[in-house]
Amino acid sequence: MGGSQRDPLPRFTTLSATEREHVRLYFKELGDALMPVLVPGAHIILAGTPMLQHLVQSGFAEAGFEVRGAIMRLYRGFRGGDRPKNAETEFPEVCVTPRGNYEPWMLFRKPISERTVADNLRKWGTGALRRIGVDQPLPDIIQSGKTPALEEAIFDHPTMKPQHLLRILVRALLPMGEGWILEPFAGSGSTIAACQAVGYDSMGIELDDEYFAALEGNIRTLAAMYPGLNGASLEQPVMPAVKHGSGAISAPSRQQPLFATPA
Ligand SMILES: C[S@@+](CC[C@H](N)C(=O)[O-])C[C@H]1O[C@@H](n2cnc3c(N)ncnc32)[C@H](O)[C@@H]1O
């Protein structure tokens, strides 16, 4: 990001002090760039990793944003849980870190300009988050499987996020259902597609020419998937039947929950 190369799965615990400071500084500079273009009370949401979360939060806090916790995306990860390297048989009952089963989506807010949240909502339409429904606040844990193969088949991007999760999250960012969503790292176009599905105006920025060229088509295709899935429910979409090589068709399925979804 920002000129840095994405390496295959760095061991976050072994980042040097200089590398950790680079991460923190990057998010401080990103915060500095975002501050003047966001209205007071605007929220930022950003996917991270538990080991680096504090550096991202520290960078954004230094830029003047309020740290507003995180929404945990629960899914079966494959990181962590390993025995000590090259000593696996010596320490069979040890794992160096817990096995990862969540991805933190960190929340930040530009300070409100008005005396109260209610006044800020009246003036700017921001300062709070949109509920899932009148009787259901946005939870800070969301059950979310890995990005379905159906979506990943649309475009090869290493970090494409699932429509189910993105539609819930982008919908929550505009409490009055009005305004613009900015996605400064558009990638596959998944966030912009989610905005379209929810019915929000949005704009995206993408550095990579190849990704940029594919955006329009990706957005159209992703936004048209799962009609009716508009972020106003935590229910995961039912996947269409998948045809196997043998011609057999497996039944539609919901992604398997890891834990019970909070009400
Ligand atoms: C983590 S991915 C985002 C993926 C996206 N959320 C999705 O679901 O497809 C980050 C993206 O930001 C792009 N990027 C990195 N630095 C950028 C910059 N300075 N300005 C704009 N885009 C950038 C990368 O090319 C990459 O596609």
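**Sheet and helix packing in the predicted model**

Strands E2 (residues 66–74) and E4 run parallel and are joined by three bridges; two strands count as paired if DSSP finds at least two bridges between them. Helices (H or I, at least four residues) and strands (E, at least two) are DSSP runs, numbered from the N terminus. Residues, for their part, are numbered from 1 along each chain as its sequence is written. The model is a predicted one, in which local features need pLDDT of at least 70 and side-chain atom pairs count only at pLDDT 80 or more, while totals for chains, interfaces and linings use all residues.

Within the E2–E4 pairing, Arg73 has Ile142 of E4 as its bridge partner. On E3, E2 pairs in the antiparallel sense over seven bridges, and here Met72 has Pro104 of E3 as its bridge partner. Taken together, four strands make up an open sheet of mixed pairing, in the order E1-E3-E2-E4. Strands E1 (43–47) and E4 (141–143) stand at the edges with a single partner strand each, so one side of each is left without a neighbour in the sheet. From one strand to the next, the twist averages 25 degrees. Angles run from 0 to 180 degrees between N-to-C directions, and axes are lines fitted to C-alpha atoms, for helices over the stretch in contact.

Two helices can now be placed against this sheet. Helix H2 (residues 53–62) packs on the sheet and touches E1, E2 and strand E3 (102–109), contact being scored where C-beta atoms, placed from the backbone, lie within 7 Å. The direction of H2 makes about 10 degrees with that of E3. Helix H5 lies across E1, E2, E3 and E4, and runs at about 160 degrees to E1.

H2 also has a helical partner: the axes of helix H1 (residues 17–34) and H2 come within 7 Å and cross at roughly 40 degrees. That angle makes H1 oblique to H2, on a scale where under 35 degrees is roughly parallel, over 145 roughly antiparallel, 65 to 115 roughly perpendicular and the rest oblique. H1 passes H2 in a right-handed crossing; a crossing is right-handed if the near helix is turned clockwise from the far one by less than a right angle, and left-handed if anticlockwise. Among the residues making this contact are Val23, Tyr26 and Phe27 of H1 and Leu55, Val56 and Phe60 of H2. By class, the H1–H2 contact has seven nonpolar, three polar and four charged residues. Here Ala, Val, Leu, Ile, Met, Phe, Trp, Tyr, Cys and Pro count as nonpolar, Asp, Glu, Lys and Arg as charged, and the others, Gly among them, as polar.

How do the later helices fit together? The axes of H5 (residues 163–173) and H6 (residues 190–198) come within 8 Å and cross at roughly 65 degrees, and the two helices are therefore roughly perpendicular to each other. H5 passes H6 in a right-handed crossing. Leu166 and Val170 are among the H5 residues that meet H6, whose side of the contact includes Ala194 and Val198. This contact has seven nonpolar, three polar and two charged residues.

H6 packs in turn with helix H7 (residues 209–224), at an angle of about 45 degrees and with the axes 8 Å apart, which makes H6 oblique to H7. This crossing of H6 past H7 is right-handed. Ser190, Ile192, Ala193, Gln196 and Ala197 of H6 meet Asn218, Ile219, Leu222 and Ala223 of H7, a contact with six nonpolar, three polar and no charged residues.

Ser190 appears again at the ligand, where Phe185, Gly187, Ser188, Ser190 and Leu207 come nearest of the 17 surrounding residues. A residue is near a molecule or strand if its C-beta atom, placed from the backbone, lies within 6 Å of it. The shell around the ligand divides into seven nonpolar, seven polar and three charged residues.
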